[in-house]
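Visitor: Hi, could you walk me through this model? I'd like to start with the overall picture and then poke at some details.

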Amino acid sequence: MSFEQFIFYVLAAIAIISGLMMITVKNPVKAALWLVLAFISTAGLWIMAQAEFLGLVLILVYVGAVMVLFLFVVMMLDINMAILKEGFTRYLPIGALAAIAIFALMYMVVGPEHFGLDKVAAPAAKPADYSNTTEIAIPLYTEHAYAFILAAVLLLVGIVAAIALTLRRRPSGTVLYQNIEKQNRTEKSERLEMVKMDAVVEQPVADDKEEEKK
C-alpha cells in the first residue's frame, strides 16, 4: 500500500465515522461539528483527486459560511430534544430499511465493479501551471451557460422570497414595529413624564388582623 492510498483510507474512514456520529449524537451543536469534520475530510479526498478548487470551495462555503451560520442558529434557538425524539422508535424500522436501500443503490452505482482501481485509472499528473478553476469555468460558461443562468435565477428567486418573508407586514396588534423617523422626531417631553403623587403610608399588619376580627 502506497502512502497516497493510506491517506485516502484515513480520510475516508474519518468521513464515514464523522457522518455516523453526526446522525447519532443527541446534541445538535456536536452534530454540526461532526458534519464540519466530514466536510473537511471530504475536501481532502477531492484534493487528492486533483480537484483542488472543489475541495477549497467545500471548506470555504460549507464549513466557513453555511455551518457557522447553522451553529449560530442552533445555539440561539431553544430546541426541545424531547419533541425531536418523539416517534423515533416507531419509525426506526422504516428508517433502517430506507438506509439499507440507499446503501445498496450507492454500492450498485459506485461499487468496485464500476469505480474500482482496476476500472478507473489514477488521474494523470498535471503541470504546475494547471488550474482547476479554468477547467471548470470554460465548460460552465460555454457549454452549460443556460443551466448556469437558470441556477442563478433560482438562487435570486430564493433570496427575494426570503427577504419578502422577513418584510411582510403583520397585524399591528400582534407585532410591534419600529419607526425610526418617528423616534427621531420625539421630543423630551414625550419621552419622560414627571408625575407627582402623595406619599402612601402602609398600615401595620397587626391593625389589619384586628379589623378582620371585628
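**A chat about the helices**

Guide: Happy to. The protein chain has 11 helices and 0 strands. Keep in mind that this is a predicted model.

Visitor: How many residues does the protein chain have, and what share of them count as buried?

Guide: There are 214 residues in the protein chain, and 11% of them count as buried.

Visitor: And what about contacts between residues 24 or more positions apart?

Guide: Take the contacts in the protein chain with a separation of 6 or more: residues 24 or more positions apart account for 54% of them.

Visitor: Let's zoom in. How do α2 and α3 pack?

Guide: Helix α2 covers residues 28–48 and helix α3 covers residues 52–76; their axes are 8 Å apart, at an angle of about 175°. An angle over 145 degrees counts as roughly antiparallel, and α2 and α3 are therefore roughly antiparallel to each other.

Visitor: Which residues of α2 and α3 meet there?

Guide: On the α2 side they include P28, V29, L33, V36, F39 and W46, and on the α3 side they include E52, G55, L58, Y62, F70 and M75. By class, the residues of the contact of α2 with α3 divide into 21 nonpolar, 2 polar and 1 charged.

Visitor: Which residues make up the largest nonpolar core?

Guide: That core has 8 residues: A32, V36, F39, A43, L58, V63, M67 and L71. The elements that give two or more residues to this core are α2 and α3. As general background, nonpolar side chains in soluble globular proteins tend to be buried together.

Visitor: Pick one of those for me. What does A43 touch?

Guide: Not counting residues up to four places away in sequence, A43 touches G55, L58 and I59.

Visitor: Switching to rings: how many aromatic pairs are there in the structure?

Guide: The structure holds 3 aromatic pairs. One of them joins F39 and Y62, with ring centres 5.5 Å apart and planes at 50°, so this pair is tilted. F39 sits in helix α2 and Y62 in helix α3, so the pair ties together parts that are 23 residues apart in sequence.

Visitor: Are those two rings' residues buried or exposed?

Guide: F39 is buried, at a relative accessible area of 18%, whereas Y62 counts as partly exposed, at 40% relative accessibility.

Visitor: Got another pair?

Guide: Yes, Y141 and F148. Their geometry is edge-to-face, at 5.0 Å centre to centre and 65° between the planes. Y141 is exposed, with a relative accessible area of 52%, and F148 is partly exposed, with 33%.

Visitor: Back to α2. What's going on around S41?

Guide: S41 is in helix α2 and is buried, with a relative accessible area of 4%. Leaving aside its neighbours within four places in sequence, S41 is in contact with L11, I14 and A15.

Visitor: And L35, what is it in contact with?

Guide: L35 is also placed in helix α2. With neighbours within four places in sequence left aside, L35 is in contact with M22 and M67. L35 and M22 are 13 residues apart along the chain, and their C-alpha atoms are separated by 6.0 Å. At 22% relative accessibility, L35 counts as partly exposed, because buried means under 20% relative accessible area.

Visitor: Where does Q50 lie, and what is its phi?

Guide: Q50 lies in the loop between α2 and α3. Its phi is near 65°, a positive value in a residue other than glycine. Q50 counts as partly exposed, at 24% relative accessibility.

Visitor: Last topic: how do α3 and α7 cross?

Guide: The axes of α3 and helix α7, residues 132–141, come within 7 Å and cross at roughly 95°. That makes α3 roughly perpendicular to α7.

Visitor: Which residues meet in that crossing of α3 and α7?

Guide: E52, F53 and L54 in α3 meet N132, T133 and I136 in α7. By class, the contact of α3 with α7 has 3 nonpolar, 2 polar and 1 charged residues. E52 and L54 also appear among the α3 residues that meet α2.

Visitor: Great, thanks for the tour!

Conventions. Residues numbered from 1 in each chain as written. Predicted model: local features only at pLDDT ≥ 70, side-chain atom pairs only at ≥ 80, totals over all residues. Heavy atoms only, no water. Axes fitted to C-alpha atoms, helices over the stretch in contact; angles between N-to-C directions. Helix = DSSP H or I, 4+ residues; strand = E, 2+ residues; numbered from the N terminus. Parallel < 35°, antiparallel > 145°, perpendicular 65-115°, else oblique. Contact = heavy atoms within 4.5 Å. Nonpolar A, V, L, I, M, F, W, Y, C, P; charged D, E, K, R; others polar. Phe/Tyr/Trp six-rings, centres within 6.5 Å; stacked < 30°, edge-to-face > 60°. Buried < 20%, exposed > 50% of the residue type's maximum accessible area, 1.4 Å probe, protein only. Core = buried A, V, L, I, M, F, W, Y, C linked by side-chain atoms within 4.5 Å.
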